[in-house]
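Here's a quick briefing to read alongside the model. Take a look at the structure first, then we'll go through it topic by topic.

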Amino acid sequence: MTLTAIDRELLDRCLARKPRSWEDFVDRFIGLVHHVVDQTISTRSLEIASEDCEDVIAEVFLALIQDDFAVLRRFRGESSLATYLTVI
């Protein structure tokens with residue numbers, strides 16, 4: 001699957017620091033990040049409190065904005081943005 005126009009526009013808005021862009025990004029991908037975190041916990045047979053799971057999800061989003069969105073700036077658009085986020 002390739003990068004959609006909606007995700008390209010959302011990514012461009014985030015990188016340009018447009019108003020509400022980060023909130024829109026989080027709203028769009030929080031379910032995906034939550035699912036990946038849950039799956040990782042399950043696959044590794046870990047048991048963690050829901051508060052700790054929420055902390056991990058917050059850390060993922062913090063990693064995405066570090067160094068002026070460096071992780072997102074490295075996205076080359078060769079896959080969907082959801083695939084990229086899942087892999088990284």
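**Overall picture**

Among contacts between residues at least 6 apart in sequence, 57% join residues at least 24 apart. Keep in mind that this is a predicted model. The protein has four helices and zero strands, so going by the DSSP runs the order from the N terminus is simply α-α-α-α.

**Size and surface**

- The C-alpha trace spans about 40 × 30 × 20 Å along its principal axes.
- Out of 88 residues, 32% count as buried.
- The accessible surface comes to about 5900 Å², and carbon and sulfur atoms account for 53% of that surface.

**The nonpolar core**

- As a general point, nonpolar side chains tend to be buried together in soluble globular proteins.
- Here, the largest nonpolar core has 22 residues. The ones with the most contacts inside this core are F25, F61, L64, L72, L81 and L85.
- Which helices each supply at least two residues of this core? They are α1 (5-15), α2 (21-43), α3 (50-73) and α4 (81-87).
- The largest share of the core comes from α3, with seven residues.
- L81 is a good one to click on: leaving aside its neighbours within four places in sequence, L81 is in contact with L3, D7, L11, F25, F29 and F75.

**Helix α1 up close**

- The buried residues in α1 are D7, L10, L11, R13, C14 and L15.
- What covers them? The cover for the buried residues of α1 includes α2, α3 and α4.
- Just after α1, R17 takes a positive phi of about 60°.
- D12 and R8, both in α1, sit four residues apart, or about one turn of the helix. Their side chains meet in a salt bridge, at 3.2 Å from N to O.
- Buried or exposed? Neither label fits D12, because its relative accessible area is 38%, which makes D12 partly exposed. R8 is also partly exposed, with a relative accessible area of 31%.

**Charges and salt bridges**

- In general, side chains of opposite charge can pair when their charged atoms come close.
- How many salt bridges are there in this model? The count comes to nine.
- D24 and R20 form one of them, with their side chains meeting at 3.3 Å from N to O. D24 is partly exposed at 25% relative accessible area, and R20 is partly exposed at 48%. R20 doesn't count as exposed because that label needs over 50%.
- That pair also belongs to a wider arrangement: E9, R13, R20, D24 and D27 are linked in a network of salt bridges. R13, listed above among the buried residues of α1, is part of this network.
- R76 forms a salt bridge with E78, where the closest N and O atoms are 3.2 Å apart. R76 is exposed, and E78 is exposed too.
- Zooming out to the whole protein, there are 10 positive and 16 negative charges. The mean positions of these two sets are 10 Å apart.

**Worth a second look**

- For the core, try L81, with F25 among its contacts; both are on the list of residues with the most contacts inside the core.
- For the charged side chains, set the R76 and E78 pair, where both residues are exposed, beside D12 and R8, which are each partly exposed.

Terms used. Residues are numbered from 1 along each chain as its sequence is written. This is a predicted model: local features need pLDDT of at least 70, side-chain atom pairs count only at pLDDT 80 or more; totals for chains, interfaces and linings use all residues. Side-chain values use heavy atoms; hydrogens and water are left out. A nonpolar core is a set of buried Ala, Val, Leu, Ile, Met, Phe, Trp, Tyr and Cys residues joined through side-chain atoms within 4.5 Å. Buried means under 20% relative accessible area, exposed over 50%, partly exposed in between (1.4 Å probe, protein chains only). Contact means heavy atoms within 4.5 Å. A salt bridge is a side-chain nitrogen of Lys or Arg within 4 Å of a carboxyl oxygen of Asp or Glu. Accessible areas come from the Shrake-Rupley method with a 1.4 Å probe; for residues, only the protein chains shown count as cover. Lys and Arg count as positive and Asp and Glu as negative; His and the chain ends are not counted. The place of a charge is taken as NZ of Lys, CZ of Arg, CG of Asp or CD of Glu.
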